Amino acid sequence: MSGYAHPEALVDTAWVADHLDDPKVRIAECDEDILLYDQGHIPGAVKIDWVGELNDPIVRDYLDRERFEQLMVSKGISNDTTVVFYGDKHNWWATYALWVFKLFGHPDVRIMNGGRAKWIAEGRPLTRTVPSYPPGEYHAPERNDAAIRAFRDQVLAHIRQPGTALVDVRSPQEYTGERLHMPEYPQEGALRGGHIPTAVNIPWASAVREDSTFKSADELRELYVSKGITPDKDVIAYCRIGERSSHTWFVLTYLLGYPKVRNYDGSWTEWGNAVGLPIEK
Amino acid sequence: MPASEIPPGLPPRLRAIVEEFRAADRAEKLELLLDYSDRLPPLPEEWRSNRAAMEQVHECATPVYATVESREGGLTFHIDVAEESPTVRGYAALLREGLEGATPEMVLAIPGDFFYAMGLQHVLSPQRLNGISYLLAYLKRLAARELAKQSP
């Protein structure tokens with residue numbers, strides 16, 4: 001993991017295996033398939049349910065400070081706990097959960113490189129036993145969206161500014177507008193196909209190898225820099241609802257050390273449907 | 001939030017499953033779904049090596065294959081879903097159980113949105129709901145084919 005800007009944000013499966021009983025560490029699984037954790041998870045891991053726990057049920061938004069604190073307490077997470085996320089699909093949802101934790105400034109968050117698939121491929125144990133931890137002691141600040149989250153109007157201003165970059169991390173077919181949804185996935189309700197003007201297309205999963213681990217720092221740098229996504233720019237990433245782009249946000253921020261990267265979670269399901277916003281095909 | 005009314009005319013086994021889910025809270029619904037996923041029987045031998053001859057549900061994010069057998073007592077569906085997709089597996093298993101022995105006409109009469117009566121919209125993302133709604137559409141296609149065979 002050498003060469004990454006913040007190598008401490010990544011741990012390998014062996015590190016996790018060695019810290020299963022470490023009271024300062026909480027392993028957290030966040031998956032696209034909401035039942036995977038229940039079917040079998042890393043011993044001692046807690047479940048983060050992105051539908052039920054991270055989203056606000058009424059407003060299209062994330063949970064507020066009070067509910068985040070309650071969530072942390074219930075998972076046995078304190079302010080000084082090291083939280084290691086892992087999940088299915090190359091850690092796609094794990095990075096999404098990590099990004100939400102960062103909206104509340106949780107200090108020590110990490111990703112288990114390779115995710116659930118690598119843990120299983122190495123024949124490491126899974127359990128259905130749900131752990132119970134003493135309540136955490138947690139004091140969260142108000143959610144701070146400014147640093148790592150972008151909103152629609154900011155994106156509109158962004159694309160007219162020099163020195164900015166916009167990354168569309170969806171599939172090439174979604175980017176060109178040929179498809180309104182991910183290949184193999186059902187249509188999810190965008191009225192128009194295409195992308196936000198000026199965006200370049202770098203599909204999120206190009207950042208990982210076949211075994212779900214991240215590519216080397218050099219390979220990643222080449223991937224993004226060759227498309228004009230350079231560290232001197234103010235970068236915004238988007239996808240469909242902001243989950244795939246949180247993966248790219250993680251790569252640019254922690255592995256390549258870009259200083260200014262935001263995730264536009266409104267993404268195509270907002271932009272592609274919004275009245276008065278331009279698109280490109 | 002109350003679930004929608006149970007639509008009339010569901011095959012009795014499916015209706016019982018809908019009622020079971022209806023009475024369950026969110027956590028219990030997830031447990032039920034996992035129970036069903038665990039219970040999905042493996043494909044019969046003759047299909048295991050012949051998935052190409054089965055119907056693939058292309059709209060599902062995960063590989064799903066389905067086929068049907070017509071017996072004296074009605075239809076039996078066989079559905080194959082990867083173990084790393086327990087949500088889809090669970091839904092496939094409950095459809096399989098719920099439709100066991102139904103006639104093609106009964107299967108074709110099931111409203112495509114019957115799962116709202118189970119309250120699954122409170123448990124699964126809209127994306128998942130979309131995906132699973134395709135599964136019933138494919139089973140209906142298989143049922144329609146059986147019906148066509150029966151009435152030349």
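Select Phe114(B) in this predicted model and show what surrounds it: Phe114(B) touches Pro7(B), Leu10(B), Leu14(B), Val18(B), Tyr91(B), Leu95(B) and Leu136(B), leaving aside residues up to four places away in sequence. Phe114(B) sits in the loop that runs between helix H5 (104–108) and helix H6 (126–150) of chain B. With a relative accessibility of 1%, Phe114(B) counts as buried, because the cut-off for that is under 20%. Next, add Arg13(B): the two residues are 101 residues apart in sequence, and their C-alpha atoms are 14 Å apart in space.

Arg13(B) leads to a helix pair. Select helix H1 (residues 12–22) and helix H4 (residues 86–99) of chain B, which pack at an angle of about 135 degrees with axes 6 Å apart. H1(B) is therefore oblique to H4(B). On the H1(B) side, show Arg13(B), Leu14(B), Ile17(B) and Phe21(B); they meet Leu94(B), Leu95(B), Glu97(B), Gly98(B) and Leu99(B) of H4(B). The residues of this contact comprise 6 nonpolar, 1 polar and 2 charged. Two residues of this contact, Leu14(B) and Leu95(B), are also among those that Phe114(B) touches.

Now move to chain A and select helix H4 (residues 65–74). Which residues of this helix are buried? They are Phe68(A), Glu69(A), Leu71(A) and Met72(A). These residues lie on the same side of H4(A), because they cover an arc of only 160 degrees around the axis. Show helix H3 (50–54) and helix H5 (88–103) of chain A as well, since the buried residues of H4(A) pack against both. Just past the helix, select Gly76(A), which follows H4(A) and has a positive phi, near 70 degrees.

Stay with H5(A) and pick Asn91(A), which is in that helix. Asn91(A) is buried, at a relative accessible area of 0%. Its contacts, not counting residues up to four places away in sequence, are Phe85(A), Tyr86(A), Ile111(A), Met112(A), Asn113(A), Gly114(A), Gly115(A) and His247(A).

Phe85(A) takes the tour into the largest nonpolar core, which has 57 residues; Phe85(A), Phe101(A), Phe214(A), Tyr224(A), Ile229(A) and Phe250(A) touch the most other members. H5(A) gives the most to this core, with 10 residues. Select Tyr224(A) to see its contacts, among them Ile202(A), Ala207(A), Ile229(A) and Tyr258(A). For the last stop, return to chain B: Leu40(B), Ala102(B), Leu129(B) and Leu142(B) are included in a second, separate core of 48 residues.

Key. Residues are numbered from 1 along each chain as its sequence is written. Chains are lettered from A and ligands numbered from 1 in the order in which they are written. This is a predicted model: local features need pLDDT of at least 70, side-chain atom pairs count only at pLDDT 80 or more; totals for chains, interfaces and linings use all residues. Side-chain values use heavy atoms; hydrogens and water are left out. Axes are lines fitted to C-alpha atoms, for helices over the stretch in contact, and angles run from 0 to 180 degrees between N-to-C directions. Helices (H or I, at least four residues) and strands (E, at least two) are DSSP runs, numbered from the N terminus. Angles under 35 degrees count as roughly parallel, over 145 as roughly antiparallel, 65 to 115 as roughly perpendicular and the rest as oblique. Contact means heavy atoms within 4.5 Å. Ala, Val, Leu, Ile, Met, Phe, Trp, Tyr, Cys and Pro count as nonpolar, Asp, Glu, Lys and Arg as charged, and the others, Gly among them, as polar. Buried means under 20% relative accessible area, exposed over 50%, partly exposed in between (1.4 Å probe, protein chains only). The arc is that of the directions from the helix axis to the C-beta atoms. A nonpolar core is a set of buried Ala, Val, Leu, Ile, Met, Phe, Trp, Tyr and Cys residues joined through side-chain atoms within 4.5 Å.
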